[in-house]
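Work through these short exercises with the model open. Try each task before reading its solution.

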Amino acid sequence: MPPLSSDAAPSNGPLPPRRQSLNPTINGILARRGFSLLQCRKFFTCAGFTLAAAILLPVYSLKSSVIVSTVAFSIVNACFGLAPSGFKSSYLDITEQYVGIISGYGNTLGTVATGLQPKLIGYVLEATNNWTIVLGIVAGVNCIAALFFFTYAVDTPVEKETAGSAPASKKRA
């Protein structure tokens, strides 16, 4: 990215995310169209991860324009904000007795990934000297996360599955 002078920096800052007002609106539209709670959660998480991946891929090629690349990164950030609308609330659906433990596992995995990711990406960037590969890896991981969530997300607590109901993995969303 081209260097910014201190005079230009304030006008080129990140755009404020507007996702907080969009999520309830989109969720209401989906619910009125017959989407189940699980389908809405899958929509938000998968849309957030895949849209972020799709917009992130060409960002490096936009490096000649600070404004355009900043807007693209801001949109990516907003898309990342959609994803927790689906998976954070699912912690409460996975279990009724062990919500704290499951939430702790999720937070721990997220914290470990946040600590390791800059090092791993730094090694890739040092080895390849190619931002397109780095952004491609991030986009690829997002798509894999979306696929896993779409495939394995449930809305039936584990305790109810073991009490005799059909396994959530066999239910259609």
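**Exercise 1. Helix pair α4 and α5**

Task: Decide how α4 and α5 are oriented to each other, and give the hand of their crossing.

Solution:
- This is a predicted model. Start with the two segments: helix α4 covers residues 99-128, and helix α5 covers residues 131-152.
- Their axes lie 9 Å apart and make an angle of about 150 degrees.
- Angles over 145 degrees count as roughly antiparallel.
- α4 and α5 are therefore roughly antiparallel to each other.
- Now the hand: α4 passes α5 in a right-handed crossing.

**Exercise 2. Helix pair α2 and α5**

Task: Do the same for α2 and α5.

Solution:
- Helix α2 spans residues 37-56.
- The axes of α2 and α5 come within 8 Å and cross at roughly 165 degrees.
- Apply the cut-off of 145 degrees again. α2 and α5 are therefore roughly antiparallel to each other.
- The crossing of α2 and α5 is left-handed.

**Exercise 3. The overall make-up**

Task: How many helices and strands does the chain have, and what share of its residues counts as buried?

Solution:
- Count the elements: the chain has 6 helices and 0 strands.
- Read from the N terminus, the order is α-α-α-α-α-α.
- The chain has 173 residues, and 26% of them count as buried.

**Exercise 4. Asn129**

Task: Find where Asn129 lies, and state what is notable about its phi.

Solution:
- Asn129 sits in the loop between α4 and α5.
- Its phi is positive, about 55 degrees, although Asn129 is not a glycine.
- Most residues other than glycine have a negative phi.
- Next, accessibility. Asn129 has a relative accessibility of 68%. Exposed means over 50%, so Asn129 counts as exposed.

**Exercise 5. Tyr152**

Task: Is Tyr152 buried or exposed? How far is its C-alpha atom from that of Lys42?

Solution:
- Tyr152 belongs to helix α5.
- Its relative accessibility is 59%. The cut-off for exposed is over 50%, so Tyr152 counts as exposed.
- Tyr152 and Lys42 are 110 residues apart along the chain. Their C-alpha atoms are separated by 9.9 Å.

**Exercise 6. A nonpolar patch**

Task: Which residues make the nonpolar surface patch, and how accessible is Ile67?

Solution:
- The patch is made by Ile67, Val68, Val71 and Ile75.
- Its area is about 300 Å².
- Place Ile67: this residue is in helix α3, residues 66-94.
- Ile67 has a relative accessible area of 47%. That value falls between 20% and 50%, so Ile67 is partly exposed.
- Patch residues need over 30% relative accessible area. Ile67, at 47%, passes that cut-off.

Terms used: Residues numbered from 1 in each chain as written. Predicted model: local features only at pLDDT ≥ 70, side-chain atom pairs only at ≥ 80, totals over all residues. Heavy atoms only, no water. Patch = residues over 30% accessible without salt bridge, like charges linked within 9 Å, V, L, I, M, F, W, Y side chains within 5 Å. Areas by Shrake-Rupley, 256 points an atom, 1.4 Å probe, with all protein chains shown as cover. Salt bridge = Lys/Arg side-chain N within 4 Å of Asp/Glu carboxyl O. Helix = DSSP H or I, 4+ residues; strand = E, 2+ residues; numbered from the N terminus. Buried < 20%, exposed > 50% of the residue type's maximum accessible area, 1.4 Å probe, protein only. Axes fitted to C-alpha atoms, helices over the stretch in contact; angles between N-to-C directions. Parallel < 35°, antiparallel > 145°, perpendicular 65-115°, else oblique. Left-handed = near helix turned anticlockwise from the far one by under 90°.
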